[in-house]
Structures are given as structure tokens and as C-alpha cells.
Amino acid sequence: MQIDFGWALDGSSWADAGAGGSTGRLRCGPRGLVALLQTRLGLTRPAVDQAVRIAQYLQLVEPCAADPAFWPARSVALDPWSTARQLLRWRDAAREDGWSLAPDAALPPRLAALAMIEQRARPGALSPGAADDLHEVVEELEQLAAAGTPWPLGITSIALHEEPSALPGRWPALLGLLAGQGVELTGPAPASEHRPALEVVQCRDEWTAADVAARFLAAGGTEPLTLLAAADTDVLDRALHRRGLPATGHVAASTDRAAHQVVGLFLDAVTAPVDVHQLAALLDLRLLPGPDADAAPRGLFPARVRHALLGALTREPGIGGPAWRAALAAEEGAAEIDALVSTPLRAEDLRPPVIAERLEWLARRLHGLARGQGAVLASVLHVQAVRGVLAMLDPGIPLSRRTLQQIIDECGGSGRSPRAVAEVAPWSVTTGAAQVRADGGTVLWLGPGESAPSAPRWDPGELRALEAAGARPATPEHLASLQVDAALRGLGSAQRVVAVLPGRRLEQDPAPSALLALLEASRGRDESDRLAPQDLLSGSTWSLAGRTLAVRTPPRAEIAPPPESPLSIGPAAHLLPERLSFSQASTLISCPHHWVLQYALGIRPAQVAALPTGRPMIGTLVHAVVEQLVHERVDEDLGGVPLTVPAAERVGEVFDALVPQLASELDLPGHSAERGDIRARAVRSVRELFERMAVAGLRITGTESGFSRPLALDLAGGPRTVDVRGSRDLDAVDASGRPAVIDLKWTSSRKGYDDLYDTSEAIQLATYAWSLGVDPPPTVGYYLLKGAEFVAADPALDPRGRAPMDVEDSWRRMVAAITTALDDVAAGTVHVGCREVLEGAGPTYDQQGRAWSGARATARAEGGLVVRAYCGSSEYAQLCGLTGDWR
Amino acid sequence: MTFTLINASAGSGKTYTLTHRIAAEVRGGLQPSQLIATTFTKKAAAELSDRVRRTLLEEGLAEQARATDSALIGTVNSVFGRLLQEFALDAGISPEVRTLDDEQQKSAFSAAIAETAGIAGEPARDLLARTEVDGPETPEQRYGEKPSWRQAVRVLAESARTNLLSAEQLREAAARSWEELRAAGLPEPGEDRRGPWTEQLAGALAGLRAETAAADDPHSGLAKGEVNALRSAAKQLPVLEQLLRTLRGAERAPWSAWTKITKIAEGKLGGGDGGYTYVAKIDEALIDLALEVREGLLANPALQEDLRALISLVMNTAADSLDAYARYKREAGLIDFIDQEVGALQLLRSSERVRGVIRSRFRLLAVDEFQDTSPVQLALFLELSQLIEDKVWVGDPKQAIYAFRGADPSLMRGIIEQLEAGDSVLGRGVIEDLRHSWRSQDDVLSLVTAIFPQIFPELPRERVVLEAAPAARAGWAERPRGGLEAWCTPVQLFKNGKRKPPTAAQRPVAVADGIAELLADPDTGPGDIAVLVRTNDEAAAVAQALAARGIPASGDGVPVLAAREGRIVRAGLAVALDRRDTLALTELVDLLDDHGAHGDWFAQLTAAADRDDREAVLERWWRDPVLDELRALREDCPELTGVEMVTALIDALDLPERIRSWSDPEQRLRTLDALRALAAEHAEQARAASAPVTLTSLRVALDGAERGPDLTDLPETVWVGTMHSAKGLEFSRVVVLLDLKAAVRSQTAGSFIVPAPQLDVTAPLAGREARYWPPVLPTFAPLQELLGATEHARRRTRIEREESGRLQYVALTRAKDMTILAGEGRAPVLDALVSDADEPPPLLSWDNDGSSIAVAGRDEPLPARIRTLRTEAPEGEDYRFVATPLAATDLPPGPRPVASGQAARFQASAVASADAHGIVGDPVRIGPALVEHGGQHWERVGEAVHAYLALPLAALDQDQRKRAAQRLVERWSVTRAMGAEALHGAGEAWLAHLEAAFPGAEQLTEQPITWWNEDDQVMEGWIDTLLRLPDGQIVLVDHKSYPGQEPVEHVRREYLGQMATYARALAAAGRAPSRVLIHLPLRGEVLEVMLA
Ligand code: SF4
């Protein structure tokens, strides 16, 4: 066998393009050569996960760290896993440099610590790493040489890219021993004086760079071509496919894929306190595509279960509330999940066996899922690896969440991208400059993308100690020049190098390329000599480094906003509603276009697994507190609640009881101050509500009272009855028996409600009042929970001295507005609500405000109503043309 | 030991000097890995290292140039972060920590102190309400929400940490904060009269109510004027009624509520020159109360106690939080920027090993932008300086503009003094002043020369004023002619004759007009011009005004979701994740002009008779060929990362091609990049918060994205940005938008650091103390006047004013060829810098119709072109720039070509078996079976056997074979499953078989093989054994660890494809096998495969 050996050649291909077939030839770097020799010498062994080695090393480190004099003792106590990992990294590097790890009184602290740990190790306590393999091979060869016994290695010759003496650690020794075994060492060849021709195209984004590279490849040429894909090629590959050309597939692995999230998410979701956001993400996690492109993707749980529970969580972001219980009742399979989250692991008692037991459940589930094939296989292996490591740890000592997370991360592997597929191409592809074999052809070099090797660095004292102990550590300069020289050799094999630089990627400027600077300098050039992509164009011809291509400039697209309001469609009586809720009615009045889309046509966004949080969540919670208090205080004899104020303690208790069901995130660590603020505010506000109501003599009779009342509309196309539905927050009666309706809001803005009330345009209140069907109509008002203030006429509730809202007039105008809107729709005219008002109003806040006031005044004068819509930032606003990019 | 400090005024070739200094050191023997260099930004760091490398190359130091990456070059934070990480075990911290960015730091702090603050704040709720610091952590300013007191705690804790103040010091400072506040602003405590005041107010209001009721009485006989007066009073009454209700809840009534009454005392009736505060009637009714409250409020003992208690609460909680936050980070493995610096400092001070290592490892410490150094950083540099032989520090105290980040410009001045005096621990150093400008032409320099010596009187003139370098002068011929300009708007006057300034909306329009005029010069392009403003809002306004004139401008582009391409990606993502998102689907139809239903979607939907019909319409839309790629993408989704998904969506919806025919393709490409960056940021943030990183969460994050792409560096674009962000940049023509007023804020509240009475730069942190003054009664003049006069407030104001002067210096030194002052005849910000007077004389002034700028204290005015600009954008005068060449495409219109998609590599073992490949002969027994029916570890047994058979057994003696067998069963842990004996036996059987069947054959084990098949796919693999028979024939052997019962069937089903592939590969390599054998060592059998 003949071997081509270079320091930077690990991972390079050994099949030279176009060579047909070959046997007995190999190209490799240090890792490859050691592996080969292990096979030849009978020194193979099962591969060991790095996670396992860290766990093993940790077992060795921990007893040392019991001694506070042990140099890294403090770090071990603080973060055992990472510290062990770091120490192991150093240990392996020292080993790589050729050190035996033998203790010696004169060792500097870091090396002394490594030696001390090593000393404790029984044989086999630490699975060998790559550096140990090298040592073992060297020692084996030494013994063979000493014994003089022949052991044919089957290697005829090794062509070296570097002088053996230039290599660090035991490499010169190894190569010497091989020579002693009869392997012929040749090379390295003298450095070539040849400098390839160089073109550098400096782009400003990846797509432009991809265009340049793809065009160069598409243009074709006769010379052999090597694509040096030094940077991520995902964007380039799309550009290549777009041209029917093969993809390069140099896309980085990442653990951000669903399959890698499973273990961590699962353990988070089953550890107390349960974070419902994590639980929702776990439920929602998509692991496999559905059976066809139209089907929903598959996750860990059956679709129906997932749906039911996610639905419950989006209504009530907590566990155990009514929505959650309803979902459990509806879906049998949900019980299993309920069992997992309602008896969660305790965060302070994460002992390895307890975790492993939970993981068993997960492993079973994953196996059941498509038999652990496809992407799920990665999850299965991940669980396996984590359980393997857990089994090695002391079962009695609880892990910190951080350590557990580190183990999960360590075991996760790399997460290969499905995009990382190199396709058959008429050019050769390499990812490192050192591996380029251009044979006088052209190299197309995409992106600088080199990263300096991050070998641990020894300080001068350590270097001396290592050398004294017979090791041959390399200096950073030395390692850097080994890499750079190899890269330059690779590029030097080309006649011409064409470098295409993307300029920026993910809004970051890539670090300037050292290699490119060297190449440019060798030709007496600098950045100012680079080409810009537009320099490659001349008329309708694109050309770069001798390759040309015809291009055309597509005509400018005219993009116009949608037609002006109103839109005309055919008669559309089929769109008329049977039912109206308050919010539907309000949408209908404010913007028929929006109403048609959302309600008549059912064009809606999908439910996302994003649970309510912040203001909406707190609003629901405080509403529920009021509801609960009313329920428990209702006295049948009184026909409602007594006119007293609930004790602060009781309000607090109700709040505390409801938080886990409706706002469980407030119970998570780190939220206690916020929770305290909200609780104090809620207690105060709820008590103020009861107090004001009592002072005003209003007895609360019910909450969340649902209603449904037919409304006869006199439409142009004939009478039509629609069912008006909704539910009232608070019903009450005064001493005289006159009913009252109060709507609760959790909001910081009072002004809007003041205004609606004072202008009798609070149509929500009007609707609720009408729903009672009494004459005279009830008194109405808002209670703003956040500021603990009423908006109402009764000075006992609201001291601002308002005139009572004219509920009947409000309702009349509302019905008139609904009638007009529906008549228009039925006749095929769809008004585009606020666009009609705002178009031409001008961009500033004031201008828009004036436009609204004008529209309102006009409508009022005509006995109608304008509802100001807040939908300008919704997705509907794109479809109506209010917002949009018409550049 | 050498210490060189280079004073480098703006444009004096600082980077050049520094890189050549470093190169000289390298020439003198410095190894690149012995260099530490810090800069202020990441970009500057990357540039410095690139420049160093190129300079070394220029100077023929190729070897060292190659090793430039081994130097430690980075921002101050990254350098110290790296040192801290490297020495983590010395510091006793975790070697793997995640660095929090500013945003993450805020939330981490809140989470960390939630418990502490919750406990401390609980009993103080009423106090917090009275002092109005009980708002949410992230207040919504538009609703007038005020921030929580916990924000003050965070800021204070942060300054304590950056100033190395201990919890104990913070606690002690609480008492002093209160004492100073009391002494400066509060009288001796008197009586708490809130009760009587409230009743007085109630009485007054009752009276007013009765009075105003009379106005409605038609028989009251009141004069019309009186009726009107009462009616307007009636309108305002509710506000006061509400105030009364607030004040009655005394335990929670905010102190500032009283100032709603005291205001009256400052209005007309109280002798102020304003109008009435409410209306005459009300003011009259309340003036006595107002005067009384104004007089007595500060003496209120409850108010004083509240101030004291709040100071103590905030400062003590901040002290407690130091521990809580540290613990939190320790447990979660987090570190913030302050930890990096403080941690590194402690490490350098405490660890002898670290000091030794640094001493031996580094030889040159280069510090760039030294003036922006904070005290901790200086302390760090000083520690390092004592360990590192040579120091080169470069800076310009005139360009220190980061006080808000803790930088302290007096430090640099102090260091210069120390080095010149030579009597401190620093020893004597060399101060070098760079005297020449390599940037600016004479006119630009003349303006700087005219004003800045007056603004920096404490600096020697030669450290303020530069002359053009003679060599640079030579290059001017190729540059556009330089000059000065001053811009103004048409003169408008108030009635009183004073000049009426243009509105905030008019100024950007005028600037755009001026730029349009500049662009009328054929030699000037948008890329030559920069506009420097004070605030981000101004920058946005200018960019918008330029866009309105069709002039491309940099800055933040259109928000990603407001740009068509962003909408398309978002909608595509939504549909890909959930087909039921009919809204997103509709939006796609609306946005993609080649979709079949584009332009007609509303009609199609409304025409559908019922729900089923509509479903059918939607189904048809989804099946439109335009969405082919998107449909295909749905299947890949579960495996993609967010960034990959965005990339895939961009391609699936063909955006790079679509964009070519839209406006501003370059900007839109930036949107695409920003979308990918958002996905990456989302993942990063989610990881930091231990939140899941899924496509669903990406969708939610994307929906919340408000920013646009960063348009910096787009060619042919006017650069618009703040003066801060312009630091380090240069442009041909620079428009400086001058503030119309010099705003001086009174600094009487918040937390702040009191410096040591005497600065000792060698111990920059010594003697500092923290203070906190609550923001109570911010508009109550009697208190604010007193506090404003304190030493603390005056010092803070002075610091701010000096910083403003340096900011102007930065702005006015950016131009190469022309500086343009956009103001209204004068530059009030500059005036305020040279004079304390209320109405200072103008330092610079110009007339609308003049031709020069007059400079105070200088006889000769500076010649300048004055332009008067329009404040309304003219119709139809759009700047025209040529369509970008990037719009050209090489792709023909029509459907996408299909790529073959064939993988470039394949493995022989993955080639499927087919009967057509050949037939399998009957097994021949060659020895005993190794395992029965595949025992527990038969896979590993198989590996061990494989490994053993890979050895050159024939060349080994029995001893060697036995030892090898023993070693392998141990290594593969199969001693029990198989045992060395058995393994050895299997080898013997195999050898015996070979001997018998192929006498004299040469055995080649583990042979590498490569092959390119007819589809050009490449295979690389290893062949177990090749036998070379004496007659040259080749036999291919593969060992298979099959323990089962149906060997023939198994081989036929599993291995025929692989064998056929190997055989063809061998043939291609010129070694076509004449026979193919499968050796089943676990069964002790050999089978022959007869390939077709
Ligand atoms: S933004 Fe559009 S859809 Fe929304 S209300 Fe206004 S016009 Fe209607």
C-alpha cells in the first residue's frame, strides 16, 4: 500500500477525480494513519463516546478534588462536568504532544494536576483517546523493533508532505519506526515557486456571492475545476439547484434540530416546577414528516392528544385547570402526559437512576415512533447515550440541572443537516484548502471560512517541563504555519484561483482571511484590487476568469396596492351571518373587508403553540379571581353577593390557587418579584371593585353570564334574524332592582374607554345591556382592573362626574351600522374599513387621529357609528392594502 | 520595559502608526503569540489583525505574518474574556460559561434577584406606591408607566460591580446618600399636614361644586362672563375630584400628586409669569392651599422618611442582589461583561501562577482607543503593564465619547501626566503626539483649528490642532475640491421678532434638499456623503426624508415584516408549518404575482357558494405550481434548523430571482440576510434562556421582529447615523446636523458614582462611592433647584457637557474634503461649551446670504458656501440613480430545471442485493463455529474476529498470533463470549483453509479501494482480504460476522450487491477478481459467490 500523508489531510478524499478505480492507495492525515496502524497491529477497540470519556475522567477527578490543595478543586466543586471536560482536553493535548503524564516534583501546577489524576487511574478507568492510540502504536512498534520480530505492516511507502522533524509530539518517532519496519519514506517535495493567478470577487451578501460562483460553474470551461467550499454552502447550493447543477452539501451540523431537542425538552417538561412553555413546545415538536406533503407532521404524541392539550394550554397556560381537565376527559391518551407532568421530578433531587427511569418512557415512545427510523433515530441514540452516561455516575448524588444539561448536550452528537449531501458534480469539491489537488486547474474558492485551530496553549514554563519530560510540544506559531503551509500547498497546485467572498453572513462580517492576505501579498496586491460583482458585467455578458455567460435584465415589476375601497364582488347574500358575537359585530362595523375574510370566509391564522403570557395571561387570571370570589360569595337569599369586601387574605388565596392553572409561569423561579407585584395589584384591585360596588349599592348577581338573543335585522334584501351571543363579565342590581352590567378590562389605557363611554359608543356595553332585554336599560360601566378605576356615571364608582352613557342610542346606532354593512356586503360592495378613513390622511399620528375624528363625527351625524379598528399591524392589514410594500 | 503613549488626534493615522509599531517589534524579534492588543469594537479588532498581517507581509516578514492569528487581538471584553476562560481553573470558576449580552443580562439579573427583591419589596409596597417606583420591570412609556424600583437596583448593582464596590460599601453609602440629600434639599422635619390639606382641598372643591352648580341655574342672575368662568371650572372639576380621591388614600397617594396643587403657586396667582394652572376660578379657590403645601411639603416628616426608606431599600437590595446574582450565574454557568473584567482583574491580582504565565508569555501590550477605557479596564491594563515588558497605548482624549458606558476620559489625561512625570509605578514613558492629518483637507482642518482649542483649553494646542501631512497633500489633486459649507432654512420670524426655528419635521427635509444639491455635482455620489446626527430618531427621520427624494440612505432598512420579501418568507413559514393557516396562504397568493389566483383571490373566495367550495378554492391555491417547492419543503421541515429553514424558504419561493425585478434589490438581499440572522439570533437567545429552539418558536420570534436589515456599507448610499456610531469612520463630505438648542439636563436623581476627591490613575478605582437619589417630586421646583445646585448634580452636568464637546469634535473631524454645518446661523451646542452664560455669544455664526462663517475670537471669517434650503419636499425632483447591475440574471424564464440530486458518494455495503448479481454456492466448513446462534455480544465478537483476520497472520509466529488473539478479545470485551482460544482457532482454520485451497497465495488484508461508477459517484472503502495467487489471479474475500442459520440465503439477500461493487471496482483498478469468497468465521464456513 502507498500512502500520501500530510498533517492537514485528515478527512480528505483519497479517490482522485476521474481515476476510475484504484486499490492500495490511501491519502490521510495523522488520525487516518494511526487508525490504519491500529488495524495492522491488532490494536483496535470499540469506539467510545467523548461523553463517556468525560464521565470516566470525572470519576478520576472527583476524588482528587476532595483535597483543597488540588489545583482545580474549586472549579470541580462548582462545575464538575465542564471542569473534567477541560482537564481531559488538556490531558489529551499533553498526550498528543508526547508526554507520558508521569508525575514529577518539578511540574508546574496544571501539568502536576494532570499527572496526579492520571496516577489514580486503574488501567481501563479511562478509555483511550486519539492521543493514547498514537502512543500505543508507537510503543508497539518500539517493542517490535526491540524484539526484532518481523510484523509486516503492508505499507510500501509513505509520501510525506512535511519533514518529519517539523511535526509535533511523537510523530517523528513514529515515522522513524515505520522506516525501520521497511516502509519507504519519500518527500516532502521542495516548496514550489509557482504562484497561481488570482481573481478575488468581493460581494456584499451570500446570494450575490452564490450567483457569482454558480454562474462561474454554469458557464463551464475546459480546465479541471476544484470547488473549495470553505464556508457554508447552503445558499450556494440553492443557487446551483436553481440552475440544475449539483449541490455541494457543505452545511454545518447543528443541534438545533427537533430530534436533538427531544431529550432536553422532555426532561425540562417533567421536572418541577413544570414550565408550560416547555411542555407546549414538547407537545408541538415535529419529528417526522406526515405520510405525505399535505399531512401534518408527526410528533412525540398522537395528533389528537397533542391538539387537545395544546388547545387547553393556549386557553389556560397552566396545568390542572378546567381546560386541562376537559382535554384529559376528551382524549384518553392525554392521561399519560398528565401523569408525567403531575408527578414531576424534583429539581433538587435529580439522581441519575430517577432520570434514567423517566428516559425509559421516552425511549419506548421514540421506538414506537416509526420504529426509531429517520430523524427519530438521532433521538433514540441520544437517549441511549444519555442513559449510558447516567449509568456511570454515582446513583446517590443528585445532578444539578446544569450538569444534566451538559450531559445531554455532550451526548447529542452533531445533528447532521439533511442539506449536507454532496451531489455528483463535474468538478471536485473539497472543504479545506490543504486538501485541494488542482493539478494545474482552477480553484473556485467560496468564502474565506478558515478558522484557526484551537489547540490548548502551554505557557513557556509548561513547555519547558514538557520538553524536559521528553515531549515535543508545538508552539502556536508552529501549528499555525503547519496549517497555512498545507493550505498554500493545496492552492499552489492550481493554475488559477478564483476567490468569491460573501462579505457578510448573518449580518456579521467574516473575519478577514489570512490565507487570502498571503496569496494577495504574494502577488503584490491588496483588498483594493478585488473585483466587485458588477465589474463582471458588460452589457449582457457576464464574465469571470475566462468564463462567460449571457445575462438579461428582467423588466421591472410593477407592484401596485390593491384597488381602492370599496371592492365590488357579485351579489353575496351567501356571506350573511347567522350568528354574531360582540367582537364579530364590532369587526363588521369597523371593517367589512376584515369581517368578510375572518368570519364569512374563515380565512384565519393557524393556532400556534405559543401560549399566552404577559398582559393577556394576567388579565384572564384576574378575571378568574373575580369570578371565583363571586361564586363563593353568592348568597341565594340575597340574590347575589353581600355588599361587603372580601378579605385581602381570601383574595390572595384565590389568586394563589388559580396561578398554577391559569398562569403557571408566575410560579417558576425568577418570577417571584413579578408575581408579588401582580398579586398585590390584583388583591387591591379586586377589593376596590367589591368596595366600590358596595358603596354604590350594586349587588353582584353573576359573572361570565352567557347569553344568546335573536336580533331581527331589517335588511334591504328582506328581514333576517341573527343570533347575538356573548357573555357578560359582571351582572349586578342596585337597591331599586335596576340591573347593571360591568365589563372588566386589564389594561393600562384609560383614555380610550373614557372616550367610548362619554360618546356613547361603547358598543360592547350597549350589546351587553341589550342582551338583558329590560326596559329601562341597565346601567353600564367598565372596571379597569389594572388601575382599579371605574368608567361609569355613578360618582360612587367614578368620581369624574360623567353623564350616563346613552345605551339605547348606542345600540340603535350599532344596529343601524350592522344593517348598512350587511346590506352592502349582500349587494356585493365590500368596504375596506380604516383604509377608507386613513388613505390620504398623512402618516403622522396626529393626522391619523384627525381623520378618525372626522369620520366619527360624520357617521354620528348620520345616526351611524364608526369603530376605530386596531388592526393596522395584523396580517389582515396586508390583504386590504393598508400596509404593504409598494416600492 | 518601555511605555509609549501615542496621542492621536482624529485623522492622524492612528492604525497605521500602531500596526507599524507592532511590525517593528516583530522585526526586532517579537513573536506574534507574544502580543496582546485590544481595540474598542470587534470590527476594529478584525481590521487591526488584518492590518498587522498585511504590514508584516509588506515588510517581508512572511513567517510571522502566517502566525498573526496566534496573537491575542480583540475587544477589551473578548481579550479579558479569553484570558479568564483560559485561567478559569485558577480563578475557581467554570471553564465553560455563556456570555450574556446586554439584553440577556437584564433578564438574568431580574430573575436572579426576584426572590431577594420580592422579599424586600413586599412590606414596602405602600412606600413604593407613594414614591411611584412600583411600575413594571419593562414599563410602557406610552401609557405613562414608570419603571420599577428594581431597575434602579440593577443600575446601582451594575455600577457597584464596575467600580469594585462591595455589598458592604453599598450599604454604608445608603446612609451617606440620604444624609447628603437631606442636607442639600430638605428642611428640618415639621408636621405631617396631609390630613388638614386634604380636608382643605375637599372643602374648596365642595365650594366650587356648589358655585358651578349655580351656573346651570337659569335664575341665578349671574353675569354671562361669570357663567362662562364657572362652566370652564366645572369642566376641570372632575380631575380635581379624582385627585382628591387619590390623596385620601393617603397610604398610597404618590407624593407627586401634591405637585398638581403646588403648580398653582407657580402660576399667575402665585407670582409666576405663566397662565392659570387650571382655570381662574379653581386657581383662586386653591391658591392658599397651594402656597401652604409648597411651603410645607418638603418638611413633611413622612415624605422625608419615605425618601430615606427608599434610598435604604434600593441600596440595601442592590447590596443583597450582588450575591444573589453571582450565585444565579454560577449555578447556570453564565457570565456577563462586567464579570469578565472584574473576574480578570481579581485573577491577575490574586494568582501568582497566572501572573507568571502572563509574564513569560507576552511581551507587548498594545491598547487602542485608550481614551474609552473605564476604571476597571485601566486597572486591568495597569496590572498587565507590570507583567508585560513593552507597552504601546494609543488614544485621543478628545474622542472619549463613551462615558455612558463607564469610560472616564480623565484617566487618559492622568496617565499622560504620570508618564511625563515618571514618578509613579508606571515609570517614565514616552508621549508622542501625532501632528499630521492624513485624512482632511485644509478647509476641514481650518474649522477644527478655529474652534477646538477654545473648547479644550486644558489641552496644549499641539494636541488639538493638526496640519495636513505633506504626503497627503500630494494626493489631494485626485480628490474632489474641499471646502466648508453652512446650511440653513429660510428665515421665519415670530411676532416678537425672534427667529422661528424650523420644526423637527422640516429639518430632515431641508437636509435632504441640501444633499440633493450636493448630488447635482456630477463628481459627487451618494456614497461620498454622510449625515451625522445626535439621536437614532433623527437618523431615521433623515433617512426617511432622503428616501422620499429617492436618495438611497443607509441605516436601518424597512422592517423585515414590512418588506415584501419578508412577508413572503413569514407567510411561507406559517403555511409550511401548518397548512390550516389559510390567512398566510391567502397572503402568499396576494404577494406572488405569478400565482394563478393573484389579483383575483378575493373574488374567487367570495364567489364560492359555501364552505366546501371555499375549501376547494384553497386547495387549488395550495396546489398551484408556484408553491411546488414550498409543498416539497414541508417534508424536510422537521429536520431543518431555523437558519436552514429560512434559507430553504427563500429558495422555495424563488426570492433571489424575484427580487431582481423589484426596486432596491440590494436592500432586499439585506432583508433576506437579516431574516437568516434573526433565525440565528433566536436560536442563540433561546439557548441562553434554556428555551426550546424549534421552528414554531422561530415563527413566533419572527412575528415579533421589529427591526429592519442593517444597510451599512451598501454602495452608492448616503451614510446616515449618529455621531457616536461615526467614530472611526471617514467620508468625503460630512453634514453635521447641529442641535438648535444646547440641552442641559439637571441631574438630580438616579444612581451615580462619586469619584475619589483626588484621582490616582495608578489606583483608578480607589475612593469611589455610590449614591442613589430617588426620582421623587421631579417637577417640584423648590426641591429641584436645591438639588441642582449640589456638587453632585453640577459634576454630573459638567461631565455631560464635556462629553458633548468631544462628540462635536468627533463629528467635525470625520470629513476628508468638506464639512457642512446644518444649523440656523449658529451652533448653540458649541456655544454652550465655551461659555456658561444663559445666552452665550455665538462661537460660530453665518448669515443666510453670506459667504463665510464667523468665528468668535478670530478676525478672519472662514470662507464657506452658505445654502438656504427648502423645508417642503419639492414634487418631481427625485434623485435618479441607475438601476443596479445586480438585477441581471443568467436564468431563463420558465420552470426550474431539475438537478439530478445524486449523491456524490456511495458505500458498497449500501448497494442493494439482487438475484441478478449472481448466485451463492454451498457453505464449506473450515473449522468449528465460534458462537452458537449469535450470543449476546455477537456484533462485538464479529468485530474482534474481523480485527484478528486483518492481521498479517501468515507472517506471524504462533506466539504472536496467540498474544494478538488474547489482546483483541480483551479489547473488544468478548473474553467470555468467545475467548482467545476460539479466536486463535478461527484464524488457524482460515489459514489452513487458504493453505489448502490456495497454496502459495499472497494475502493482502484491509486494502483501500476507490471507484467511480458510471454515474460518477465515488466509493471509498476497505476490502477485507485480497488473495494474490501464484498465477497472478486475484481472489476477493470478505469476512462477515453472521451467526445465523441460513447463511446462503443471508448472503444472497445482503451481500451480493456489495460483492458485485467490489468486483467491479477491482476490475477498474486492474485487479479483477477471478473468485469471490465470503468467510463466515462465526459459523466456521466459507461460501463462494459466483457473480454474474
Ligand atoms: S387594516 Fe385593513 S383589514 Fe384592518 S381594519 Fe383597516 S382596512 Fe380593515
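The exercises below, each with a worked solution, concern a sheet, a ligand shell and two buried residues in a predicted model.

Residues are numbered from 1 along each chain as its sequence is written, while chains are lettered from A and ligands numbered from 1 in the order in which they are written. In this predicted model local features need pLDDT of at least 70, side-chain atom pairs count only at pLDDT 80 or more, and totals for chains, interfaces and linings use all residues, with side-chain values resting on heavy atoms, hydrogens and water being left out.

**Exercise 1.** Determine the strand order of the open sheet in chain B, and explain what distinguishes β3 and β8 of chain B.

*Solution.* Begin with the strands, which are DSSP runs (E, at least two residues; helices are H or I, at least four residues) numbered from the N terminus, and which pair if DSSP finds at least two bridges between them. The six strands of chain B follow one another as β3-β2-β6-β7-β1-β8, with parallel pairing. β3 (72–75) and β8 (430–434) of chain B are at the edges and have a single partner strand each, so one side of each lacks a neighbour in the sheet. From one strand to the next, the twist averages 15°. Next, examine one pair: β6 (residues 364–367) and β7 (residues 390–395) of chain B are joined in the parallel sense by four bridges, and A366(B) has V392(B) as its bridge partner in β7(B).

**Exercise 2.** Describe the shell around the ligand by its helices and by residue class.

*Solution.* First collect the residues with a heavy atom within 4 Å of the ligand; among them are C591(A), H594(A), R835(A) and Y876(A). Then turn to the helices: α29 (833–838) and α31 (876–880) of chain A each contribute at least two residues of this shell. Finally, sort by class, where Ala, Val, Leu, Ile, Met, Phe, Trp, Tyr, Cys and Pro count as nonpolar, Asp, Glu, Lys and Arg as charged, and the others, Gly among them, as polar; the shell has nine nonpolar, two polar and one charged.

**Exercise 3.** Establish whether R733(B) and S697(B) are buried or exposed, and place each in its element.

*Solution.* Apply the cut-offs: buried means under 20% relative accessible area, exposed over 50%, and partly exposed in between (1.4 Å probe, protein chains only). R733(B), in strand β14 (residues 731–737) of chain B, has a relative accessible area of 5% and is therefore buried. S697(B), in helix α31 (residues 695–703) of chain B, is likewise buried, at 18% relative accessibility.

Notes: Axes are lines fitted to C-alpha atoms, for helices over the stretch in contact, and angles run from 0 to 180 degrees between N-to-C directions.
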